[in-house]
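Trainee: Could you take me on a close look at one spot in this protein where the backbone does something unusual? I'd love to see how that spot connects to what lies around it.

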Amino acid sequence: MSRILNLSRRQMLHGLGTGVLALGFGYPARAQGGAGFGAMIAIAPDGTVHFTCPSSEMGQGTQEALARLVAEELDCDWARMEVGLPWADRAFINPGMGKQMTANSATTVGYFLPLRRAGAAARMMLMQAGAARWGVPVDQISTQAGEVIHAASGRRLTYGALAAEAARLPVPGDAALKNPADFRLIGGKSPRKDLAAKVTGRAEFGIDVMRPDMLVGALALAPHPRARVEAANLAEVKAMPGVAAVVPVDGGYAVLAPRFWVAKKAAEALKLTVLSSPTAGVDDKGIDAALTRAFAEKAPMPFPDFDFSTMRPRAGGGDKAAVLAAIAAAPRRVEAEYDVPYLAHAAMEPLNCSAHFADGQLTLRGPMQSPEDVRKLAANMAGLPLDKVRVEVTFLGGGFGRKWATDFPIPAMQAAMAVPGRWVKLIWTRENDLAMDQFRPAYRVKSVAGIGADGALVAVHSRIAGQSINTYHGRRGFPGMADPTAAGLLIYGCYTPVMKLMEFHEADLAIPVGFWRSVTMSQNAFFAESFIDEAARAAGRDPYAYRRAMLAGEPRILRALDKAADMIGWDRPKAKGVGRGIALTYNEGHVCAQAVEVHIAKGKLAIRRIVAAFDCGVMVDPAGVESQISGGIVFGLQAALWGGVSFADGRPQISNFNDVRLPGLADVPPIKVALIPSGTKPGNAGEAGTPPIAPALANAIADAGGGRVRRLPLSLRFELENA
């Protein structure tokens, strides 16, 4: 049960004048001491409702969705609601994650009920204030579009007129929530709140931050974040016209000047010598050899039973002896080996951050997914108490997990502390951004399955080799257990009754790695759903029917699978060279089934159609959900077709978007998304559309006679032809 706090005296809102109703929402301390949750609603005397969105907005539409939750229960005038961005504060933590972080598609899931309760409590306080003003029972009071109404007398007052009185009332802990049948905003349509500002250029992204007398910085970076470098000509560069300072920062040097171009030319003039680098000499052959060695030399580690819906890993693991015995005893075996490459994030807005240090107070402002972590890290590195560090969030021009990392704000902090009293904005060039990415790791999977005499899948054993993201970032896991972020649904749990065993062989590589959109599912959906397809074909079964037979206890998943099959016309006759593939991903919050139709002729691949059936429970903004699925498909399609980062001489071989083949309009086939309504609680959507496209496409290619794709990207084997 949430605890709602009146925050008007905490002065957490600024510039609203007097007479505001300002609410924050606290939760009982967690058993281990501590996490709170907060978001804020403030109603100004003119009736404007100010809502500080607790999550980062990177194009996924959480500002819109979370504002609707508040407005729905507050019953305010939607047109008079203004939405702002947050700063690092425990008041804003996502109760589902226990942190202030925008990741894992957890925003709507985590804030759905708390923000509705907040809106309902504020509405009740306004009604109580109106009842007191008119001397009538509160049960005679109603609200409508930002007004408190006493229907019997015909009197009406705006929320703004009652805000000051309402703010002095105790916060009710039991304000009733609306019946979903009465929703007017949740599930409806309206222009996004951030749309006009983004279209007109008024929206402030990190790279737009400007302050008087600001210095702009460019970076000269090492080939690896943990490399040691020295500059041979520091004095020469410091003396260049316009250069204000050259500051050692993590990974290299920051050159500061009044204008970026001056700083960039000076940074390019720095002559860096690499003293040591963890990736010295690493190349594609070395990566391939490391994955091979991992299987041969690294003891397999079982995976914890990782529950993505709660983010609380539990120790677990299959019965290895039983699984291996079942496979050995099966009349037929299927074996396959799959590979996926390192992937870059390549967000449209490159990394950047602004910072200011003066009088012992440090402020950072930029596009961050993890402001709370940045604040703690900055305070620690700067040697400042936490209350002397403020971290403010701007719009993000794309994140995909890269701006979840905390590495990029730190050089801005270091540069600002070298020139106290002046704002500094560090802009990573596209080349800096891509070269110093925290890549989605490359993985190799070896799967073997036993198939019974009746063609049914009996047991599956999958082993995965690759880097551990947790190891690279120094996070502790379960002793003797695998990094759960590499597991995902390497073998799908929904398919029953199948005995399963997953194991991890950690590769000895030091390439910077991090979370990429949809995290572990980005690769494991390809491994799992391709292998299921292979097993079906080995058993002489239709892959769609094969899946259906193993999903008898999963009506929600079946519904999405059937819908996707129906949309693609699974049973319709096919011409020579035409193939159809299907794949699905799911977790407790969503089900996404996708199907693809392709045509292959003379080594050229044409993708004719992509369809998706998606169920994520209650949809706060259906148009936004559809956009997320469509966008996720295109994002995954890029990776499946052309994604991959090569390495040579210890460096990634990408420098700009000319090295990252992106799909143009002509490359994207027709995409149709069907949203499946269900009565379940809200689930996640931001990452759901990306994982199924690669296996659905690979399965369609196999169906078309193009052979089994076990190694991505597809451009290694096919030339793409516009359908």
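Mentor: Let's start with valine 519, which counts as buried because its relative accessibility is 12%, under the 20% cut-off. Keep in mind that this is a predicted model. What draws the eye to valine 519 is its phi, near 50 degrees, a positive value in a residue other than glycine. Most residues other than glycine have a negative phi, and most peptide bonds are trans.

Valine 519 is in the loop between E22 and H13, so let's follow the chain both ways. On one side, helix H13 covers residues 521–538. The largest nonpolar core has 91 residues, and Leu457, Tyr492 and Leu584 touch the most other members. Helix H13 supplies the largest share of this core, nine residues. In soluble globular proteins, nonpolar side chains tend to be buried together. Leucine 457 has contacts that include Ile532 and Ala535, as well as Pro497, Val498, Tyr546 and Met550.

Proline 497 takes us to the other side of E22. Proline 497 sits in the loop between helix H12 (469–472) and strand E22 (499–506), and the peptide bond leading to proline 497 from threonine 496 is cis, with omega near -10 degrees. Strand E22 therefore has the proline 497 loop before it and the valine 519 loop after it. Another cis peptide bond joins leucine 712 and proline 713, with omega about 5 degrees; proline 713 belongs to the loop between helix H17 (693–703) and strand E29 (719–720).

For a companion to valine 519, look at aspartate 75. Aspartate 75 is not a glycine, yet its phi is positive, about 60 degrees. Aspartate 75 is buried too, with a relative accessible area of 9%, and lies in the loop between H1 and strand E5 (81–84). Helix H1 packs against helix H2 (residues 107–134) at an angle of about 35 degrees, their axes 6 Å apart, in a right-handed crossing. The H1 residues making that contact include Thr62, Leu66 and Leu74, while Tyr111, Phe112 and Leu115 are among those from H2.

Threonine 62 leads to one last stop, glutamate 57, in the loop between strand E4 (49–52) and helix H1 (62–74). The side chain of glutamate 57 reaches the backbone nitrogen of threonine 62 at 3.0 Å and that of glutamine 60 at 3.1 Å. Glutamate 57 is buried, with a relative accessible area of 0%, and its contacts include Arg192, Lys198 and Phe395.

How values were computed
Residues are numbered from 1 along each chain as its sequence is written. This is a predicted model: local features need pLDDT of at least 70, side-chain atom pairs count only at pLDDT 80 or more; totals for chains, interfaces and linings use all residues. Side-chain values use heavy atoms; hydrogens and water are left out. Helices (H or I, at least four residues) and strands (E, at least two) are DSSP runs, numbered from the N terminus. Buried means under 20% relative accessible area, exposed over 50%, partly exposed in between (1.4 Å probe, protein chains only). A polar contact is a pair of N or O atoms within 3.5 Å; within protein, one must be able to donate a hydrogen and the other to accept it, and residues adjacent in sequence count only if both atoms are side-chain atoms. Contact means heavy atoms within 4.5 Å. A nonpolar core is a set of buried Ala, Val, Leu, Ile, Met, Phe, Trp, Tyr and Cys residues joined through side-chain atoms within 4.5 Å. Axes are lines fitted to C-alpha atoms, for helices over the stretch in contact, and angles run from 0 to 180 degrees between N-to-C directions. A crossing is left-handed if the near helix is turned anticlockwise from the far one by less than a right angle, and right-handed if clockwise. Lists of a residue's contacts leave out its neighbours within four places in sequence.
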